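Reader: Please take one part of this model and go through it closely, beginning with a single residue and working outwards to the elements around it. I would like the terms spelled out along the way.

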Amino acid sequence: MERLIRLAKGELSQKEIEILKRIFDTVTAQYWFDDTDYSREAFAGGLIGLFRYGMVNPTQLEKIAMFWAFNDFPQNMSSSQRAKLKSLYS
């Protein structure tokens with residue numbers, strides 16, 4: 001939760017943070033999600049971005065976040081993709 005609060009920079013309500021936390025926890029708990037700090041940081045930042053850009057329906061946001069995470073944050077990502085994420089979010 002602290003990660004989401006920090007990345008939201010005080011611009012989201014507690015209720016909105018709770019919605020994002022539930023989605024974040026659901027997606028990052030998937031067996032295929034790359035469970036590293038830099039993947040979690042990048043995913044959290046992007047999730048907040050989607051919400052800020054108007055994707056506020058929790059059901060729709062969760063579906064989009066799941067597909068996006070499956071594509072961009074798999075455990076078996078290429079070494080170049082991993083290096084890029086690591087350099088941006090470590």
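## The loop between α2 and α3 and its surroundings

Author: With a relative accessibility of 5%, D34 counts as buried, where buried means under 20% relative accessible area, exposed over 50% and partly exposed in between, computed with a 1.4 Å probe on protein chains only. The model is a predicted one, in which local features need pLDDT of at least 70 and side-chain atom pairs count only at pLDDT 80 or more, while totals for chains, interfaces and linings use all residues. Residues are numbered from 1 along each chain as its sequence is written, and side-chain values use heavy atoms, with hydrogens and water left out.

D34 is found in the loop between α2 and α3; helices here are DSSP runs (H or I, at least four residues), as strands are (E, at least two), numbered from the N terminus. If neighbours within four places in sequence are left aside, D34 is in contact with S39, F73, P74, Q75, M77 and R82, contact being heavy atoms within 4.5 Å. F33 has its place in this loop between α2 and α3 as well, and F33 is buried, with a relative accessible area of 1%. Again leaving aside neighbours within four places in sequence, F33 is in contact with V27, T28, S39, R40, F43, A69, F73 and Q75. One of these partners, A69, lies 36 residues from F33 along the chain, yet the two C-alpha atoms are separated by 7.2 Å.

The helix before the loop is α2 (residues 14–28), whose 15 residues should span 21 Å at 1.5 Å a residue, which agrees with end C-alpha atoms that are 20 Å apart; the expected span is 1.5 Å times one less than the number of residues. Buried in α2 are I17, L20, I23, F24, V27 and T28. Seen down the axis of α2, these buried residues fall within an arc of 130°, so they line one face of the helix, the arc being that of the directions from the helix axis to the C-beta atoms. An α-helix has 3.6 residues a turn, so residues three or four places apart point the same way. What covers the buried residues of α2 includes α1 (2–8), α3 and α4.

The helix α4 likewise has 15 residues that should span 21 Å at 1.5 Å a residue, and its end C-alpha atoms, 20 Å apart, agree with this. In α4 the buried residues are L61, A65 and A69. They cover an arc of only 60° around the axis, which puts them on the same side of α4, whereas K63, F67 and N71 are exposed on the other side of α4. The buried residues of α4 pack against α2 and α3.

Two packed helices are described by the angle between their axes and the distance between the axes. Axes here are lines fitted to C-alpha atoms, for helices over the stretch in contact, and angles run from 0 to 180 degrees between N-to-C directions. The axes of α2 and α4 come within 10 Å and cross at roughly 35°. This contact is made by I19, L20, R22, I23, T26 and V27 of α2 and by P58, L61, E62, A65, M66 and A69 of α4. The residues of the contact divide into 9 nonpolar, 1 polar and 2 charged, where Ala, Val, Leu, Ile, Met, Phe, Trp, Tyr, Cys and Pro count as nonpolar, Asp, Glu, Lys and Arg as charged, and the others, Gly among them, as polar.

The helix after the loop, α3 (residues 37–52), packs with α4 (residues 58–72) at an angle of about 145°, with the axes 11 Å apart. The contact is made by A42, F43, G46, L47, L50 and F51 of α3 and by L61, I64, A65, W68 and A69 of α4. By class, this contact of α3 with α4 has 10 nonpolar, 1 polar and no charged residues. Among the buried residues of α3 are S39, F43, L47 and G49; G49 has a relative accessible area of 16%, which counts as buried. G49 and M66 are 17 residues apart in sequence, and their C-alpha atoms are 15 Å apart in space. Just after α3, G54 takes a positive phi of about 110°.
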